[in-house]
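Thanks for coming. I will go through the two chains in turn, then one pair of helices, and then the place where the chains touch.

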Amino acid sequence: MKKLLSAPALFAVAGVLLIVGVVLAFWYSPVDASSMGFSQKILYYHAPIAAAALVAYGVAFVAAIAYLRTQDLKWDRLGFVSVRIGLVFSVLVMITGMIWGKAAWGTWWAWEPRLTTFLLACFLYAAYWVLRSVVDEEQRRATYAAVFAIIAFIDVPITFFATRFLPEGLHPVVVGPGGGGMEGSMAVSFGICMIGMLVLMAAMIVRDLEIELIKDRVTDLKTSLGG
Amino acid sequence: MSGWAQFKAIVRKDLIRELRTRDMLVSMILFVLLAMIIFHYAFTVKEGTDLTFFTGGMLWVTFIFAMLLGLNRSFAQEKDEHCLDGLLLCPVDRVTIFLAKTAGNLVFLLIIQAVAVPVFALFFIERNFIGDLLPFLVVLLLADLGICSLGTLLATISMNTRSRDLLLPILLLPLLVPVLIAATGATTLIFAEGAGFGSLGGRMLVLLGFDAVFFVAAWGTYDFAIGE
């Protein structure tokens, strides 16, 4: 079980799923019937990346609460790497979103609720990063980072709700109330890409966490050797 | 000493200290008035430009920046004079400190607004909005509460870091975006067309939700933020 959840195994599973997903998306799923046409193919990566970013921030939120309760630095490391991976995915959401926006709406940037929320999430978690870099003492850094991670995660949905009060957005609602829904073969490809992307995110977090814990051990060993 | 008495004592201490020197209030009021003049020149492109649809934005950007100044100042004093250490040594609940600091900051913000809003109305608003004062005051109070509670929590954190006052805007501004969106929209609609509670309900709900959620979150985490 432990071997199955190790970073290399997770990376392999993610790789296979994402390749299968993209092959299915292009050769099995039909071209979108709406005005978006071929450019809709980017949805198979764009939406799973967005979901992975949010899940990573969610992991950081849970890790922050766990840290504040236990004061165990392992949780701090988990929160830290989750935010880092979440940021990477958020930047990818913005890039894929902009490419899609250019193809579908003819503009690189639209002040549209979801895109704007992700932009703000990027700034929030960049601030988390800055906060960590200006506190020297280990426990205090972890505590402040945890408090901010909790506040930041709560802010994201409120921001999303508030952006509804900005002038009309352009984002298509695919799944959910008022959404167009997905044709069966599209849903299969989409589901595989979604799972693949989440596994990739998990693999990256596991790998980074292992690295951080090894770094901690090296520091401990150095200290115990009087270095 | 009961919690309420402690709360009153801390608020009173902050108010007395400020009223003796008036450093913070004078600078904040001057800043707010200067910002209005700068906005006027920045946005007036030609003779008779209608600034009505900028009014909400101008007002809230000014208040939030003024509050950043005030928050930094209020905690810098606490830190430099070791007031906070003394306060932490007293048998006072950390939550009481949070509530008292938030209330103190709220009072300062309200004093500034009491000076700034009439001047702002004189400069920029042609419509008589006395009849719409009630919704305006509700929006004002709701937004202030969110700014002050979150601002107090984050100012406490940032003053204990190496970059101190440099850090606060980076932490606070992205978090305040929902407040800015809702308060700006509501204020502009009140100033421009006298919108009432009916059409502002959604925005007020955002502000109320923000206040409630972050008040609880700040309350719950302040113990960790203020440290031992």
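Chain B has nine helices and zero strands. Its pattern along the sequence is therefore simply α-α-α-α-α-α-α-α-α, with helices counted as DSSP runs. Please keep in mind that this is a predicted model.

On to overall dimensions. How does the radius of gyration of chain B agree with that of a compact globule? For 228 residues, such a globule would come out near 17 Å, and chain B has 18 Å, so the two agree. The C-alpha trace of chain B spans about 60 × 35 × 30 Å along its principal axes. As for burial, 43% of the 228 residues of chain B count as buried. If we take the contacts in chain B with a separation of 6 or more, 86% of them are between residues 24 or more positions apart.

Now the pair of helices. In chain B, helix α8 covers residues 177–193 and helix α9 covers residues 197–226. Their axes come within 9 Å and cross at roughly 150 degrees. Angles over 145 degrees count as roughly antiparallel, so that is what α8(B) is to α9(B). The crossing of α8(B) past α9(B) is left-handed.

Which residues make this contact? From α8(B) they are B:Pro178, B:Val179, B:Ala182, B:Ala183, B:Gly185, B:Ala186 and B:Leu189. From α9(B) they are B:Ser199, B:Leu200, B:Arg203, B:Met204, B:Val206, B:Leu207 and B:Phe210. By type, the residues of this contact between α8(B) and α9(B) are 11 nonpolar, two polar and one charged.

Next, chain A. Chain A has six helices and zero strands, and reads α-α-α-α-α-α along the sequence. Of its 227 residues, 41% count as buried. Among the contacts in chain A between residues at least 6 apart in sequence, 78% join residues at least 24 apart.

Last, the contact between the chains. How many residues does each chain put in? Chain A gives 26 residues and chain B gives 25. On the side of chain A that touches chain B, α4 (113–133) and α5 (138–162) of chain A each supply at least two residues. The largest share of that side comes from α5(A), with 13 residues. Sorted by type, the side of chain A that touches chain B has 20 nonpolar residues, three polar and three charged.

That is where I will stop.

Terms used. Residues numbered from 1 in each chain as written. Chains lettered and ligands numbered in written order. Predicted model: local features only at pLDDT ≥ 70, side-chain atom pairs only at ≥ 80, totals over all residues. Helix = DSSP H or I, 4+ residues; strand = E, 2+ residues; numbered from the N terminus. Rg over C-alpha atoms; globule rule 2.2 N^0.38 Å. Buried ≥ 20, exposed ≤ 12 C-beta atoms within 10 Å, placed from the backbone. Contact = placed C-beta atoms within 7 Å. Axes fitted to C-alpha atoms, helices over the stretch in contact; angles between N-to-C directions. Parallel < 35°, antiparallel > 145°, perpendicular 65-115°, else oblique. Left-handed = near helix turned anticlockwise from the far one by under 90°. Nonpolar A, V, L, I, M, F, W, Y, C, P; charged D, E, K, R; others polar.
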